[in-house]
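Please open the model in your viewer and keep the sequence panel visible beside it. The tour below proceeds by selection, with a short account of what is found at each stop.

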Amino acid sequence: MTLEGGMKCVKFLLFLFNFIFWLCGLAMIVVGVLVQVSLHQTVMINDASASGAPIVIIAVGVVIFFVSFFGCCGAWKENYCMVTMFSILLSLIILVQIAAAIAGYVFRNKVSDVVQDSLTDMINRYSNSTADFKTSVDKLQEDLKCCGMNDSSDWRNFRPDGNSVPDSCCVNVSTNCGVGAMTDSAKVHQKGCANAVEELLKKNILWVIIAALVLAFIEVMGVVFACVLMRGIRSGYEVM
């Protein structure tokens with residue numbers, strides 16, 4: 001069966017949209033991975049809910065990556081069953097993306113509590129932790145130019161003298177630069193890391209929310225085109 005007139009246009013539009021979906025799926029995988037890495041490497045977040053939104057985005061991206069190929073085949077071959085299945089799968093993906101956006105928004109509102117707990121744990125574990133953990137903490141403080149959770153005094157139990165901080169707190173990092181310099185603003189950053197980490201997390205989570213909603217809107221158009229094509233294919237069968 002061959003489609004005629006406007007249905008041919010719908011067919012090629014659906015094929016084009018599926019190619020865009022394929023690119024969108026790839027983009028979602030990249031965005032999800034970047035946010036996940038930022039959450040768990042740049043920042044030591046222990047709350048499992050922090051991974052919810054980016055993991056869902058990655059999973060949906062992988063599914064879209066393959067479903068879009070399925071949709072392209074259905075549109076090109078003018079196969080009613082394939083186009084119908086594509087429409088159903090895409091509708092389910094839209095629902096999952098909306099759920100991911102909601103999860104991201106909910107977590108965005110509890111970022112402050114999660115950051116406070118994670119940074120407190122980070123400071124308590126630092127002295128007796130592994131070299132990799134210390135390196136992660138030091139990198140965080142050096143990159144964000146901060147010290148402790150609220151301020152440098154959070155490190156008061158770091159050494160017996162109660163006035164030393166890790167060298168990564170220093171304005172100019174060097175060996176033992178933080179010894180006896182906790183309150184010296186010329187040598188040590190006095191600003192805590194909590195606000196900087198919160199801003200970083202909220203920015204990354206916002207990107208996840210935007211990506212999920214924008215793609216969901218585009219995919220709604222894909223479902224509409226698929227439904228129109230399904231109607232055209234069915235009409236063609238009825239004529240035959």
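**Whole chain, coloured by confidence**

Begin with the whole chain, coloured by pLDDT. This is a predicted model, and its mean pLDDT is 79, with 88% of residues reaching 70 or more. Compare two helices next: confidence is lowest in α1, where the mean is 73, and highest in α5, where the mean is 87.

Switch to a cartoon representation. The chain contains 6 helices and 0 strands, so the order of elements from the N terminus on is to be read with the helix definition in mind: α-α-α-α-α-α. Of the 240 residues in the chain, 43% are buried.

**First stop: helix α1**

Select residues 6-42, which are helix α1. Which residues form a nonpolar patch on the surface? Display the side chains of Leu-16, Phe-19, Trp-22, Leu-23, Leu-26, Val-30 and Leu-34: these make up the patch, and together they have about 630 Å² of accessible area.

Centre the view on Phe-19, which lies in α1. Its relative accessibility is 45%, and Phe-19 therefore counts as partly exposed. When viewing this patch, recall that α1 is the element in which confidence is lowest, at a mean of 73.

**Second stop: Leu-90 and Gly-222**

Move to helix α3, residues 80-109, and select Leu-90 within it. Is this residue buried or exposed? With a relative accessible area of 1%, Leu-90 is buried.

Add Gly-222 to the selection and draw a distance between the two C-alpha atoms. Leu-90 and Gly-222 are 132 residues apart along the chain, yet their C-alpha atoms are separated by 8.1 Å.

**Third stop: the salt bridge in helix α4**

Select residues 111-126, helix α4, and show Asp-121 and Arg-125 as sticks. Their side chains meet in a salt bridge, with an N to O distance of 3.2 Å. Both residues lie in α4, 4 residues apart, about one turn of the helix.

A surface rendering adds the solvent context for both partners. Asp-121 is partly exposed, with a relative accessible area of 27%. Arg-125 is also partly exposed, at 39% relative accessibility.

Keep Arg-125 on screen and add Phe-133. Arg-125 takes part in a second arrangement here: it lies over the face of Phe-133, at 4.3 Å from the ring centre.

**Fourth stop: the salt bridge in helix α5**

How many salt bridges does the structure hold? There are 2, and the one not yet visited joins the side chains of Asp-143 and Lys-139 at 2.7 Å, N to O. Select helix α5, residues 131-144, to find both residues, which are 4 residues apart, about one turn of the helix.

With the surface shown, examine each partner in turn. Asp-143 counts as partly exposed at 46% relative accessibility, and Lys-139 is partly exposed with a relative accessible area of 48%.

**Fifth stop: the aromatic cluster**

Hide the salt bridges and select Tyr-126, Trp-155 and Phe-158, which form one aromatic cluster. The structure has 3 aromatic pairs, counted as rings whose centres lie within 6.5 Å. One of them is formed by Trp-155 and Phe-158: this pair is edge-to-face, 5.8 Å centre to centre, with 80° between the planes.

Trp-155 is buried, its relative accessible area being 1%. Now add Lys-134 and turn the view towards the ring of Tyr-126. Lys-134 lies over the face of Tyr-126, at 5.8 Å from the ring centre.

**Last stop: the loop between α5 and α6**

Finally, select the loop between α5 and α6, the latter spanning 194-239. Which backbone angle should be inspected at Lys-145? Its phi is positive, about 50°, although Lys-145 is not a glycine. Lys-145 lies in this loop and is exposed, with a relative accessible area of 52%.

Continue to Asn-176, which lies in the loop between α5 and α6. Phi of Asn-176 is near 60°, a positive value in a residue other than glycine. At 46% relative accessibility, Asn-176 counts as partly exposed.

Definitions and conventions: Residues are numbered from 1 along each chain as its sequence is written. Side-chain values use heavy atoms; hydrogens and water are left out. Rings of Phe, Tyr and Trp (its six-membered ring) pair if their centres lie within 6.5 Å; planes under 30 degrees apart count as stacked, over 60 as edge-to-face and the rest as tilted. Buried means under 20% relative accessible area, exposed over 50%, partly exposed in between (1.4 Å probe, protein chains only). A charge sits over a ring if NZ of Lys or CZ of Arg is within 6 Å of the ring centre and within 35 degrees of the ring normal. Patches are made of residues with over 30% relative accessible area and no salt bridge: like charges are joined within 9 Å, nonpolar side chains (Val, Leu, Ile, Met, Phe, Trp, Tyr) within 5 Å. Accessible areas come from the Shrake-Rupley method with a 1.4 Å probe; for residues, only the protein chains shown count as cover. A salt bridge is a side-chain nitrogen of Lys or Arg within 4 Å of a carboxyl oxygen of Asp or Glu. pLDDT is the predictor's confidence in each residue, from 0 to 100.
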